[in-house]
Amino acid sequence: MNQPEIVLYTRSRCPLCDKAKDVLVELKKEYHFTLIERDIDESDELTEKYGLMIPVVEMNGEEVQFGHIDTITISEALTEKN
């Protein structure tokens, strides 16, 4: 079975982004998924799309959660995908 792919849209100096990454790193101990981190400041398009929303967690191309990322929401999404 394919592992879900999770993209974390982030930027530097973003405390919420750091927390989101901690949540995802914790969940990686329990679930199998590929984690890709994308800095929105590297792309005008991403900055325009996610500037006010980051951090954004996207799973297999679908936005799962943004802003305050919590373990329960992400683990439920991962459970649905498996």
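**View 1. The hairpin of β3 and β4 in the predicted model.** Strands β3 and β4 form a hairpin in which two residues lie between them. Asparagine 60, located in the turn, has a positive phi of about 50 degrees. The strands, β3 and β4 (residues 62-66), run antiparallel and are joined by four bridges. Among the facing residues, valine 56 stands opposite phenylalanine 66 in β4, and glutamate 58 has glutamate 63 of β4 as its bridge partner.

**View 2. Strand β3 (residues 56-59) and its covered faces.** In a regular strand, side chains alternate between the two faces of the sheet. In β3, Val56 and Glu58 are buried on one side, and Val57 and Met59 are buried on the other. Strand β3 also pairs with β1 in the antiparallel sense, over four bridges; valine 56 of β3 is the bridge partner of tyrosine 9.

**View 3. The open sheet and helix α1.** Four strands make up an open sheet with mixed pairing, in the order β2-β1-β3-β4. Strands β2 (34-39) and β4 stand at the edges; each has a single partner strand, so one side of each is left without a neighbour in the sheet. From one strand to the next, the twist averages 25 degrees. Helix α1 (residues 15-28) packs on the sheet and touches β1, β2 and β3. The direction of α1 makes about 160 degrees with that of β1.

**View 4. The surroundings of threonine 10 in β1.** Threonine 10 lies in strand β1 (residues 5-10). This residue is buried, because its relative accessible area is 8%, under the 20% cut-off. Neighbours within four places in sequence aside, threonine 10 is in contact with Cys17, Glu37, Arg38, Asp39, Ile40 and Ile54.

Key: Residues numbered from 1 in each chain as written. Predicted model: local features only at pLDDT ≥ 70, side-chain atom pairs only at ≥ 80, totals over all residues. Heavy atoms only, no water. Buried < 20%, exposed > 50% of the residue type's maximum accessible area, 1.4 Å probe, protein only. Contact = heavy atoms within 4.5 Å. Pairing = 2+ DSSP bridges. Axes fitted to C-alpha atoms, helices over the stretch in contact; angles between N-to-C directions.
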